[in-house]
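Me: I would like to go through this structure by question and answer, with the terms defined along the way.

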Amino acid sequence: MSFEALNLNELLVRALSAAGYTEPTSVQAEAIPPALAGRDLMVSSRTGSGKTASFMLPALMRVLAAREQAAAERKAAGVEAAPAPRPERGTERFGDRPSRGAPQQAKGPRVLVLAPTRELALQVAKAASDYGRFVPGLRVATVVGGVPYGAQLAALRGPLDILIATPGRLIDHLGSGKCRLDQIEMLVLDEADRMLDMGFIDDIRLIVDATPAKRQTVMYSATFSGNVGRLATDLLREPQRIEATSQTESHSDIEQRLHWADDFEHKNALLDHILTERDLDQAVVFTSTQRDADWLADRLHEMGHSVASLHGGMPQGRRNRVLQGLRSKHLRVLVATDVAARGIDVPTISHVINYGLPMKEEDYVHRIGRTGRAGRSGLAVTLAERRDSGMIHRIQRYTTQRMPVATIAGLEPKRAEPPKPFDRPVRPGGKSFGPRPAGKPFKPAGKTFSKAGPRPAR
Ligand code: ADP
Ligand code: MG
């Protein structure tokens with residue numbers, strides 16, 4: 001299977017080979033043909049499987065079709081063809097200025113992509129400019145929170161092809177009448193489950209109401225049950241369901257390891273050892289809280305690592321600089337929280353280390369998806385104390401995969417391994433008979449520690 005066989009424009013195929021893509025991933029092969037045919041889609045596919053291109057390439061095909069139509073109309077009207085506008089270099093970070101030479105009528109965007117976080121939106125914008133690098137005068141804008149309104153307003157005023165936004169900030173612009181969505185032909189909801197988790201449901205509905213009913217809508221979500229399913233029923237027309245790979249098959253290219261730590265100090269010793277492993281290219285270390293992220297980054301910095309923290313409490317400018325530092329390999333270790341780390345797409349991340357466990361088991365899957373990108377293999381190491389065993393159990397049930405237990409010579413745990421609830425019988429209702437009530441919420445906070453280490457108050 002090749003990209004040409006998907007009937008993509010030669011300008012896009014060229015950009016894909018420039019990006020080093022030789023063949024479509026399975027979600028691309030499955031989603032692109034129906035998307036090009038204008039169908040509504042419900043797509044689930046694992047993290048890192050190439051979902052962005054699966055909607056961005058069809059989106060860019062719409063832009064190209066519009067360019068061709070405009071040229072044909074100009075010709076029919078006897079107007080001399082305008083010189084092709086200079087292809088814009090990459091997407092500017094926050095809202096581009098429309099390029100000179102672009103048609104002058106101020107129309108709203110044709111394609112709208114909604115994404116849950118700033119990082120993710122910027123990632124999608126980068127993909128748009130990468131895959132669309134040979135599309136004449138491509139105009140992409142991003143509208144995300146945490147940045148000044150001015151540049152975004154300027155971008156929204158001019159003609160636009162593709163708008164990529166987080167729901168909250170887009171609502172602000174819609175409310176002030178500064179953004180029109182009445183030209184939207186294609187609406188993409190990326191990581192819809194996550195957007196609903198973050199409480200964007202009302203914003204999404206308001207945004208959708210501002211788009212034409214005859215639009216094409218494609219929705220990406222790990223699940224289509226519950227609220228996401230209801231939203232899909234309301235927004236999509238005769239959607240095609242695409243499940244490129246099941247949750248279970250996922251991450252075959254990511255090796256998982258579980259280290260049991262006796263206590264906080266033992267956990268730190270394990271982390272220190274892993275961070276000095278020779279095959280560690282770059283690592284993302286996850287913590288449960290922003291404070292832990294800052295504290296741990298400071299600690300690792302003092303130990304001589306090139307490290308920075310990344311979390312939602314940091315100003316956007318600093319977050320961008322940190323991500324840039326990671327991409328340029330000035331940073332070897334990133335200490336991050338879950339929300340901030342979504343959308344980090346750096347192929348040289350060889351290790352994901354769970355220093356603090358996630359609040360939700362699906363976040364584990366998103367975390368480990370930061371490694372094993374673009375066909376490389378990755379290692380996902382989880383450091384757990386006994387009190388974490390309930391969450392470990394839930395993660396294993398969620399992924400239906402066991403995390404193999406590993407030890408490091410000289411740093412073996414002294415305490416016995418906690419019992420494995422994973423092995424116990426499971427009731428049809430899904431709750432297990434594990435030693436810890438399965439319904440009990442996981443609370444990493446509020447525990448006291450026997451060893452009074454330099455741990456910050458949570
Ligand atoms: P997802 O949204 O499913 O998590 P992304 O769209 O972010 O995945 O893509 C994950 C990584 O795979 C990115 O680094 C992207 O550049 C790369 N990628 C996407 N499609 C291909 C392809 N066809 N061939 C090689 N690499 C690809
Ligand atoms: Mg994605």
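Reply: A polar contact is a pair of N or O atoms within 3.5 Å; within protein, one must be able to donate a hydrogen and the other to accept it, and residues adjacent in sequence count only if both atoms are side-chain atoms. This is a predicted model, in which local features need pLDDT of at least 70 and side-chain atom pairs count only at pLDDT 80 or more, while totals for chains, interfaces and linings use all residues. Residues are numbered from 1 along each chain as its sequence is written, chains are lettered from A and ligands numbered from 1 in the order in which they are written, and side-chain values use heavy atoms, with hydrogens and water left out.

Me: How far is an oxygen atom of ligand 1 from an N or O atom in the side chain of Tyr21?
Reply: Tyr21 is among the residues that come nearest to ligand 1, where a residue is near if one of its heavy atoms lies within 4 Å. Between an oxygen atom of ligand 1 and an N or O atom in the Tyr21 side chain, the distance is 2.5 Å.

Me: Which atom of ligand 1 lies 2.6 Å from a polar side-chain atom of Thr52?
Reply: Gln28 and Thr52 are also listed among the nearest residues. Gln28 places a polar side-chain atom 2.8 Å from a nitrogen atom of ligand 1, whereas for Thr52 the partner at 2.6 Å is an oxygen atom.

Me: What is the handedness of the crossing of α5 and α6?
Reply: The axes of α5 (residues 149–157) and α6 (residues 167–175) come within 12 Å. The crossing of these helices is right-handed.

How values were computed
Axes fitted to C-alpha atoms, helices over the stretch in contact; angles between N-to-C directions. Helix = DSSP H or I, 4+ residues; strand = E, 2+ residues; numbered from the N terminus. Left-handed = near helix turned anticlockwise from the far one by under 90°.
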